[in-house]
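Colleague: I'd like a close look at one part of this model, please: the disulfides. Could you walk me through them slowly, as you would for someone in their first year?

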Amino acid sequence: MTCDKLRGVCRARGRAGPHCCRKQCVNVMTDNQNCGQCGKKCWFSQACCGGSCVNVMHDPKNCGGCNKRCKKGCFCQFGMCSYA
């Protein structure tokens, strides 16, 4: 059975996520192909962080990956905090 026919299957232990997109279980909070909603793809150099596509190469709150914050006063460049 696929998740489009059996609603609760994506919430079962061991599944990729609680949401059903195109007959597959996904987590729209972290899936780059379904970020925030089914079918919303993140661009190159972006990651799906908390359901939003963010540029992890320049975002000081998600520098190099989701929730990797740079220290106060530092900047994010090339996915690294205060790269020089």
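Modeller: Here is a walk through some of the disulfides, pair by pair, and then a cysteine that sits outside them. Keep in mind that this is a predicted model. A quick reminder before we start: a disulfide is a covalent bond between the sulfur atoms of two cysteines. To count one here, two cysteine sulfurs have to lie within 2.5 Å of each other, and by that rule the count comes to eight disulfides.

Let's begin with Cys10 and Cys25, whose sulfurs are 2.1 Å apart and make a disulfide. This pair ties together distant parts of the chain: Cys10 belongs to the segment before strand 1 (19-21), while Cys25 is in strand 2 (residues 24-26), and the two are 15 residues apart. Now look at the twist of the bond. The torsion about the S-S bond of Cys10 and Cys25 is about -85°, so this disulfide is left-handed. As for the surroundings, Cys10 and Cys25 are both buried.

Next up is the disulfide between Cys42 and Cys53, with an S to S distance of 2.2 Å. Distant parts of the chain are linked here too: Cys42 is in the loop between strand 2 and strand 3 (46-49), Cys53 is in strand 4 (residues 52-55), and 11 residues separate them. The torsion about the S-S bond of Cys42 and Cys53 is about -85°, so you can call this disulfide left-handed. What about burial? Cys42 has 13% relative accessibility, so it counts as buried. Cys53 is at 22% relative accessibility and therefore counts as partly exposed, because buried means under 20%.

Then comes Cys63, which a disulfide joins to Cys76, S to S 2.2 Å. The angle about the S-S bond of Cys63 and Cys76 is 90°, and this link is right-handed. Once more the pair bridges distant parts of the chain, with Cys63 in the loop between strand 4 and strand 5 (76-77) and Cys76 in strand 5, 13 residues apart. Cys63 counts as buried because its relative accessibility is 6%. Cys76 has a relative accessible area of 7%, so Cys76 is buried as well.

Finally, don't overlook Cys74, which is in no disulfide. The nearest cysteine sulfur to that of Cys74 belongs to Cys70, and it is 6.3 Å away. With the cut-off for a disulfide at 2.5 Å, you can see why that distance doesn't count. Cys74 has 30% relative accessibility, so it counts as partly exposed.

Technical notes. Residues numbered from 1 in each chain as written. Predicted model: local features only at pLDDT ≥ 70, side-chain atom pairs only at ≥ 80, totals over all residues. Heavy atoms only, no water. Helix = DSSP H or I, 4+ residues; strand = E, 2+ residues; numbered from the N terminus. Buried < 20%, exposed > 50% of the residue type's maximum accessible area, 1.4 Å probe, protein only.
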